[in-house]
Amino acid sequence: MSNTNSTPNTQSSRKSQNSHDTNDSVRNERNENEADGRRPTPMEVLRQARAQLTELTGLVPETVSSFEQTEDGWSVEVEVLELARVPDTMSLMASYQVELDPEGQLTGYRRVRRYERGRADTRGGR
């Protein structure tokens, strides 16, 4: 009889594989854009931001909470799970502000807040 339960190691391996697949996809998009001389689309920029943040921090983005084009490129706010807890509503989440150049290359990031997943936002809509 074989064990079909997912262990933390197999779950981690799946996340790592998904991260590698996403990074490969982003690299392919970037190479295609450079080859035909066009700028990336907003969706390509979002994918690049998520993949590059994951590569740098090891944290897997759960959602993008804001996205805008700036004078210097793009600004994206990404929500990530920093620390899983039981129950899940007590897990620690974080918002990262990610800055990208016009081609979608990450130029900087910073954590702007940290919060429990189950907490309502008390900062006036941010």
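How many residues lie between S1 and S2 in the hairpin that they form? Two residues separate the strands of this hairpin. The model described here is predicted. Its protein chain contains two helices and four strands, and from the N terminus on these elements follow the order α-α-β-β-β-β. The four strands form an open sheet with antiparallel pairing, and helix H2 packs on that sheet.

**Overall composition**

- The protein chain has 126 residues, of which 33% count as buried.
- The protein chain exposes about 8300 Å², and 47% of this area is supplied by carbon and sulfur atoms.
- When contacts between residues at least 6 apart in sequence are considered, 39% of them join residues at least 24 apart.

**The sheet and its edges**

- The order of the strands in the open sheet is S1-S2-S3-S4, and their pairing is antiparallel.
- Strands S1 and S4 (106-116) stand at the edges with a single partner strand each, so one side of each has no neighbour in the sheet.
- From one strand to the next, the twist averages 20 degrees.
- Helix H2 touches S1, S2, S3 and S4 as it packs on the sheet, and the direction of H2 makes about 125 degrees with that of S1.

**Strand pairing**

- Strand S1 (residues 61-70) is paired with S2 in the antiparallel sense through eight bridges; Pro-61 has Val-80 in S2 as its bridge partner.
- S2 is also paired with strand S3 (residues 92-100), again in the antiparallel sense, over nine bridges.
- Within the pairing to S3, Leu-81 stands opposite Met-93, and Val-80 has Ala-94 as its bridge partner.
- S3 and S4 run antiparallel and are joined by nine bridges; here Ala-94 stands opposite Arg-114, and Leu-100 has Leu-106 as its bridge partner in S4.
- S3 and S4 form a hairpin with five residues between the strands, in which Gly-104 adopts a positive phi near 95 degrees.

**Burial of the strands**

- Strand S2 (residues 73-83) is mostly covered, with nine of its eleven residues buried.
- Strand S3 is largely enclosed by the rest of the structure, because eight of its nine residues are buried.

**Helix H2**

- Helix H2 (residues 42-57) comprises 16 residues and spans 22 Å from its first C-alpha to its last, close to the 22 Å expected at 1.5 Å a residue.
- The buried residues of H2 are Glu-44, Val-45, Leu-46, Gln-48, Ala-49, Ala-51, Gln-52, Leu-53 and Thr-54.
- In an α-helix there are 3.6 residues a turn, so residues three or four places apart point the same way.
- Gly-58 follows H2 and has a positive phi, near 80 degrees.

**The nonpolar core and Val-80**

- The largest nonpolar core has 14 residues, and those touching the most other members are Leu-53, Val-76, Val-78, Val-80, Tyr-96, Val-98 and Leu-100.
- H2, S2 and S3 each contribute at least two residues to this core.
- With residues up to four places away in sequence left out, Val-80 touches Leu-53, Leu-59, Val-60, Pro-61, Glu-62, Leu-92, Met-93, Ala-94 and Tyr-96.
- Among these contacts of Val-80 are Pro-61, its bridge partner in the pairing of S1 with S2, and Ala-94, its bridge partner in S3.

**Arg-114**

- Arg-114 is located in strand S4, which is one of the two edge strands of the sheet.
- Is Arg-114 buried or partly exposed? Arg-114 counts as partly exposed because its relative accessibility is 45%, which lies between the 20% limit for buried residues and the 50% limit for exposed ones.
- Arg-114 touches Glu-82, Leu-92, Met-93 and Ala-94, not counting residues up to four places away in sequence.
- Ala-94, one of these contacts, is the residue that stands opposite Arg-114 in the pairing of S3 with S4.
- Arg-114 and Ser-95 are separated by 19 residues in sequence, and their C-alpha atoms lie 6.5 Å apart in space.

Notes: Residues are numbered from 1 along each chain as its sequence is written. This is a predicted model: local features need pLDDT of at least 70, side-chain atom pairs count only at pLDDT 80 or more; totals for chains, interfaces and linings use all residues. Side-chain values use heavy atoms; hydrogens and water are left out. Buried means under 20% relative accessible area, exposed over 50%, partly exposed in between (1.4 Å probe, protein chains only). Contact means heavy atoms within 4.5 Å. Accessible areas come from the Shrake-Rupley method with a 1.4 Å probe; for residues, only the protein chains shown count as cover. Two strands pair if DSSP finds at least two bridges between them. The expected span of a helix is 1.5 Å times one less than its number of residues. Axes are lines fitted to C-alpha atoms, for helices over the stretch in contact, and angles run from 0 to 180 degrees between N-to-C directions. A nonpolar core is a set of buried Ala, Val, Leu, Ile, Met, Phe, Trp, Tyr and Cys residues joined through side-chain atoms within 4.5 Å.
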